[in-house]
Amino acid sequence: MFRARYPRRLPAVALVAGLALAVSACGGGTTAALPEATPSASAEQLNPNANLSKQSVTISVWPGYTPEDLAARVEEKLRFKLKVATHDTNEIIMGKLTGGADTGIDVAFVSGQYAQALNSAGLLEPIHPELIPNLANLYPEAKELAFDPGNAFSVPYTWGTTGICYRSDLVKTPPTSWNDILNPPEDARKKVTMMTTERWLALPAIKALGMSVNTRNDQDLAKVKEKLVAAKANLLGYDDVTFGDRLKSGEAVMVEAWDGWCPTSEKNIKFVVPREGSDLWVDTMVVLRGSKNKEAAHAFINFILDPKVHSWAALNILYKVPNKAAMDALPAELKQKNAPLQMSPSQLLAGESIVDLGEDSVKYTRLATEVKAAQ
């Protein structure tokens, strides 16, 4: 089974801190109660009958996150040229898009909170539903995302949650709580990993303490830091990339993991969402306001939402897609071997959406830096 070489989120702490200040977004309080999402600019009048063959589209996406022959398939189906650029992290593409220069990018793949930040900065074209009829293939729940209710400026590509991935044959008691990671039983000590990217490094302690994943409260974050520093003594390390390999080898027995990156197709590797709850992460497609090919950009997104195309992500990188027809078409054997693929939209929405915190994002950057530097 092909797996994406890079995760969507690798640490870039200093860059995140800068972007949090340069691209501040609106947001609610500690429970992230957001107003109805609105486009960052008045919708440009687009021509539904535009000659797409006279346009071309450049996308930027994570390596391995779309089919290798995507450009050829788009050209054959839609009759315009597609150029595929790649970015390894959200932070890298945000640096490009907020740098002030004309990047030539028409469609960018970014995680939800970053789409929210780009929209607040006035960099996104509103989504024109009349040009994307395949939006009808999305689950109704895909329009209930806290960072963009109604898909005003983004279209979800993949979604999932974070939990504990573990070796059922190497732990005496299956984990059920985030505290099983933070304070593991004696047989699992020094055989546990947590994530290094700041919002996910904080997640286990935040949820174990009954807080919002979007808390900005300094007293809350002080308690989170205390719990995370105490957890360090029992960790094998912080790992966003190789935790699956460490589980397979037996070097690790429990790891914090994004659901799609937990290798549940392997014998004895299981995934569980802890009882305290978790997050809902979403990776999206956005159209840049500066695009000179907006009709073709929307046609590209519509192409991606075709169930036969969209199902590629679930089949090849084991990430759930918010496309009912695509998920319904997955082989039963694949779902049986990979329990996270069986999660329903309602189960996903039970997780708390991670949203952009604007200038307060730097608090999480500082938290992660201090925790990892603590002795």
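## Aromatic pairs

Let's start with the rings: the count comes to eight aromatic pairs. This is a predicted model, so keep that in mind for everything that follows. One of those pairs brings together Tyr65 and Tyr157. Their ring centres are 5.6 Å apart and the planes meet at 55°, a tilted arrangement. In sequence the two sit 92 residues apart, with Tyr65 in the loop between β1 (56-61) and α2 (70-78) and Tyr157 in strand β4 (residues 155-160). Both tyrosines are buried.

Another pair is Phe243 with Trp261. Here the centres are 6.3 Å apart and the planes are at 55°, so this pair is tilted. Phe243 belongs to helix α8 (residues 243-249), while Trp261 is in the loop between β8 and β9, 18 residues apart along the chain. Phe243 and Trp261 are both buried.

## An aromatic cluster

Tyr65 and Tyr157 turn up again in a wider group of rings. Trp62, Tyr65, Phe109, Tyr157, Trp281 and Tyr319 form one aromatic cluster.

## The disulfide

The structure holds one disulfide, and it joins Cys165 to Cys262. The sulfur atoms are 2.0 Å apart. If you care about the torsion, it is 80° about the S-S bond, and the link is right-handed.

What does this bond tie together? Cys165 lies in strand β5 (residues 162-167) and Cys262 in the loop between β8 (254-258) and β9 (269-272), so the link connects parts that are 97 residues apart in sequence. Both cysteines are buried. The loop that carries Cys262 is also where Trp261 is found.

## The five-stranded sheet

Next comes the sheet that β5 belongs to. The sheet is open, has five strands in the order β7-β6-β8-β5-β9, and its pairing is mixed. At the edges are β7 (237-238) and β9, each of which pairs on one side only. Strand β6 (residues 192-194) runs parallel to β7, with two bridges between them. Thr193 has Gly237 of β7 as its bridge partner.

Strand β5 has antiparallel neighbours in both β8 and β9. Five bridges join β5 to β8, and four join β5 to β9. If you want residues to look at, Ile164 is bridged to Glu256 in β8, and Tyr166 is bridged to Lys270 in β9. As a reminder, strands of a sheet pair through backbone hydrogen bonds, either parallel or antiparallel.

Is β5 enclosed or open to the outside? Six of its six residues are buried, so β5 is largely enclosed by the rest of the structure.

## Helix α6 on the sheet

Helix α6 packs on this sheet and touches β5, β6, β7 and β8. The direction of α6 makes about 125° with that of β8.

How many residues of α6 are buried? The figure is 10 of its 11, which leaves the helix mostly covered. The buried set includes some charged names, among them Glu198, Arg199 and Lys207, along with Trp200, Leu201 and Ile206. Just after the helix, Gly210 takes a positive phi of about 75°.

## A buried asparagine

Follow the chain on from α6 and you reach Asn214, in the loop between α6 (198-208) and α7 (218-231). Asn214 counts as buried because its relative accessibility is 0%. The side chain of Asn214 reaches the backbone nitrogen of Val355 at 3.0 Å.

## Positive phi away from glycine

Two residues that are worth a look on a Ramachandran plot are Arg79 and Asn268. Arg79 is not a glycine, yet its phi is positive, at about 70°. Arg79 is in the loop between α2 and β2 (81-86). With a relative accessible area of 59%, Arg79 is exposed.

Asn268 is not a glycine either, and its phi is positive at about 75°. Asn268 is found in the loop between β8 and β9. Its relative accessible area is 25%, so Asn268 is partly exposed.

Conventions: Residues are numbered from 1 along each chain as its sequence is written. Side-chain values use heavy atoms; hydrogens and water are left out. A disulfide is a pair of cysteine sulfur atoms within 2.5 Å. Buried means under 20% relative accessible area, exposed over 50%, partly exposed in between (1.4 Å probe, protein chains only). A polar contact is a pair of N or O atoms within 3.5 Å; within protein, one must be able to donate a hydrogen and the other to accept it, and residues adjacent in sequence count only if both atoms are side-chain atoms. Two strands pair if DSSP finds at least two bridges between them. Contact means heavy atoms within 4.5 Å. Axes are lines fitted to C-alpha atoms, for helices over the stretch in contact, and angles run from 0 to 180 degrees between N-to-C directions. Rings of Phe, Tyr and Trp (its six-membered ring) pair if their centres lie within 6.5 Å; planes under 30 degrees apart count as stacked, over 60 as edge-to-face and the rest as tilted.
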